[in-house]
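Work through the exercises below with the structure open. Each task is followed by a solution in steps.

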There are 2 protein chains.
Amino acid sequence: MATIRDVSKIAGVSVATVSRTLSKPDKVSAKTRKIVEAAIKKTNYKPDMLARNFRTRKSSTIVVLVPDIANPFFSRVIRGIEQTAQSLGYAVLLGDTQGLRTREYTYANMVRTSQTDGIIQLDCHIPFEDGIDTSAPLVNACDCIRGTDIPSVELDNVTAAQKMTEHLISLGHINIGLITGPLSSTVTKDRLKGYKNALKKNAIAINDTNITVGDYSISSGTLAANDLFKNKTPPSAIFCMNDEMAIGAIQQAKKNGLNVPNDISIAGFDDISFAEFCDPPLTTISQPAEEFGTKAMSMLYDVINGNEPENKNTYLPFELIIRDSTGPNKRI
Amino acid sequence: MATIRDVSKIAGVSVATVSRTLSKPDKVSAKTRKIVEAAIKKTNYKPDMLARNFRTRKSSTIVVLVPDIANPFFSRVIRGIEQTAQSLGYAVLLGDTQGLRTREYTYANMVRTSQTDGIIQLDCHIPFEDGIDTSAPLVNACDCIRGTDIPSVELDNVTAAQKMTEHLISLGHINIGLITGPLSSTVTKDRLKGYKNALKKNAIAINDTNITVGDYSISSGTLAANDLFKNKTPPSAIFCMNDEMAIGAIQQAKKNGLNVPNDISIAGFDDISFAEFCDPPLTTISQPAEEFGTKAMSMLYDVINGNEPENKNTYLPFELIIRDSTGPNKRI
DNA sequence: CTAAAAAATGTAATCAATTACATTTTAATT
DNA sequence: AATTAAAATGTAATTGATTACATTTTTTAG
């Protein structure tokens, strides 16, 4: 493999000139530039990134921490990250953490060892209490941690969940079940708050047996729905905090001989691509998944370069998508 | 940030000894090892990977070329890759190519510039005709190119498609539609071959109007299905080359007032997690997605280290999953 | 045409680790 | 105790690009 020295010899110039031809061509006279470019072509020279990264002290790589790459919502976010990263000259390392702290640690440490220039975190645990390097360029996307000044791209989950709950109320539902995610995450807490807000606003009592906890998986949706169906007065509508759980809940409803939406309304969250093709098509909240990624990446770019991002906490818009899985309460 | 020199000073040994303590501890006496380890702890030293990678001439990074990270099958494969990579000391760069050759080029070139030590390719185009660096460690997973000696992890797509077609035939279907992917890929060609094999074996004439081309997206499934429904004698069963297209086809069937499977049987391929939760649940071929990833990664590891992988073309098992979207032909 | 300013180019240090080879220390053998 | 072999440690070169600073060349201004 040709090095910059080979090129400089063939072109009859110094290595500095070759380097400059590549990185600051306007600092080189047109004549030598041509000579050097010819030499580069002749030798098929490509700068060694290992050497360049080492010398410039940056990896031009960022890592994205994701609990599960196979989650269709996260994979769209990552697609957005990758696109913007590419256009900004960064490569994207995949940090599938499977929710394990040790793996988060491993990947977060890559900043300290210069393997990576920054971190985008899709579910938020870092920085840990016990003093992980907090100076690492870090941006949270989708989820966030309250009370820190870590830049984030979020949805107004409170309002979104409130809107969805109000949609169900507007259909005449009073007894509304909820299937949450793990209560540790801010996203879940916010959506729960939105659900409660809507009930309060409409003077509907909050019934704790209507609130069940899932883990954002399809199977947890079936389980939680089944629990709700066993209530003394089962809900006439269920709001699930993501589409997967809603799909699980629909399946369980059908298994129990219930028609969706005639006997029970079921709503989701995220608007994954399969939501539209469920039976019945799912009422849900759509989020601009790719935009979470692109925005997070450009914010991280700012942070890496020492610039305060414009909006430290950016909120992206959502949309209530009404399909056929929700309908009027017919039990009244 | 502490360097190896800081540690060596504090420990009162040479940098070589510090380096050895880390990489070949058995070459260092127990006494000095303890001293060095104490100094490392004291300084909170972490070796700079940029320097190490530069010096050792390897990035400890591999790149995975995937046409679309948001595809649920591919994202499972990637999960497998990531897991094995991690355990082998490799980081995984994400190369979402969106099917664009220029992006494939960009990522493939990372091997030449030492940014990455090897490539796993999930849809196969590289090496291109026009002489990209063929010496790059490369493994194909899921798809492959015939007539090269590039190691690959594959499914026996011919047999799998044949099995599925035979399943439909066994249900009494004779007029069987097919929705393929883009005909350029080996996977598609093989599945087409399997379909034809089954028909021939059962002395059923191959009807070209029964074969339509999709692009593995849901919407292409609806379109292709609609085409098939317009045939003079529409098929009583449709075999779709992936689950997404099957989901699209089911939707189109319902839209046309057809009951699945009573009026028409529809089958998919891949067994993505939503297949089980379709309405009706999808008959499909399940593939060990994660295993494609783990196997491909360990093969790539061999190739990178100059060892011929044991089975240059590894075949993974598949399983015919019969659910409710296929049933007896009632039009006879 | 000359002096000063600006532009272009070159020299060599630098980044932080690894490692071949040299040297010193320790252990083993007689 | 002397000799040899083995183990431990140290010295310094090396990796390939970038870049501060020095030097040379070109341009501009008077």
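**Exercise 1. Sort the surface near DNA strand C by residue class, then place its contacts.**

Step 1. Take the classes. The surface near DNA strand C has ten nonpolar, eight polar and ten charged residues. Ala, Val, Leu, Ile, Met, Phe, Trp, Tyr, Cys and Pro count as nonpolar, Asp, Glu, Lys and Arg as charged, and the others, Gly among them, as polar. A residue is near a strand if one of its heavy atoms lies within 4 Å of it.

The model is predicted: local features need pLDDT of at least 70, side-chain atom pairs count only at pLDDT 80 or more, and totals for chains, interfaces and linings use all residues. Residues are numbered from 1 along each chain as its sequence is written, chains are lettered from A and ligands numbered from 1 in the order in which they are written, and side-chain values use heavy atoms, with hydrogens and water left out.

Step 2. Find the nearest residues. Of the 28 residues around DNA strand C, A:Thr17, A:Arg55, B:Ile4, B:Ser19 and B:Arg55 come nearest. Sugar and phosphate make up 59% of the strand C atoms that come within 4 Å of the protein.

Step 3. Locate the elements. Helix 2 and helix 4 of chain A, with helix 1 (4–11), helix 2 and helix 4 of chain B, each supply at least two residues. Helices (H or I, at least four residues) and strands (E, at least two) are DSSP runs, numbered from the N terminus.

Step 4. Read the atom pairs. The side chain of A:Thr17 has an N or O atom 2.7 Å from a phosphate oxygen of DNA strand C. For B:Ser19, the distance from such a side-chain atom to a phosphate oxygen is 2.6 Å. A:Arg20 places a polar side-chain atom 2.9 Å from a base nitrogen of this strand.

**Exercise 2. Which helix gives the most to the surface near DNA strand D?**

Step 1. List the candidates. Helix 1 (4–11), helix 2 (15–23) and helix 4 of chain A, plus helix 2 (15–23) and helix 4 (49–56) of chain B, each supply at least two residues.

Step 2. Pick one. Helix 4 of chain A gives the most, with five residues.

Step 3. Check the neighbours. DNA strand D is surrounded by 28 residues, the closest being A:Ile4, A:Ser19, A:Arg52, A:Arg55 and B:Thr17. Sugar and phosphate account for 57% of the strand D atoms within 4 Å of the protein.

Step 4. Separate base from backbone. A:Arg5 has a polar side-chain atom 3.2 Å from a base nitrogen of DNA strand D. B:Arg55 has a side-chain N or O atom 2.8 Å from a base oxygen. A:Tyr45 instead lies, by a polar side-chain atom, 3.0 Å from a sugar or linking oxygen.

**Exercise 3. Describe the interface of chain A and chain B.**

Step 1. Size it. The two chains bury about 4600 Å² between them, 61% of it on carbon and sulfur atoms. Buried area is the accessible area (1.4 Å probe) lost on being put together, summed over both parts. In chain A, A:Leu50, A:Arg112 and A:Phe274 lose the most area to chain B, together 16% of what that side buries.

Step 2. Count residues. Contact (heavy atoms within 4.5 Å) takes 50 residues from chain A and 51 residues from chain B.

Step 3. Add the charges. Eight salt bridges cross the interface. Each is a side-chain nitrogen of Lys or Arg within 4 Å of a carboxyl oxygen of Asp or Glu. One of them joins A:Arg103 to B:Glu82, with the closest N and O atoms 3.0 Å apart.

Terms used: Polar contact = N/O pair within 3.5 Å; in protein donor to acceptor, adjacent residues only side chain to side chain.
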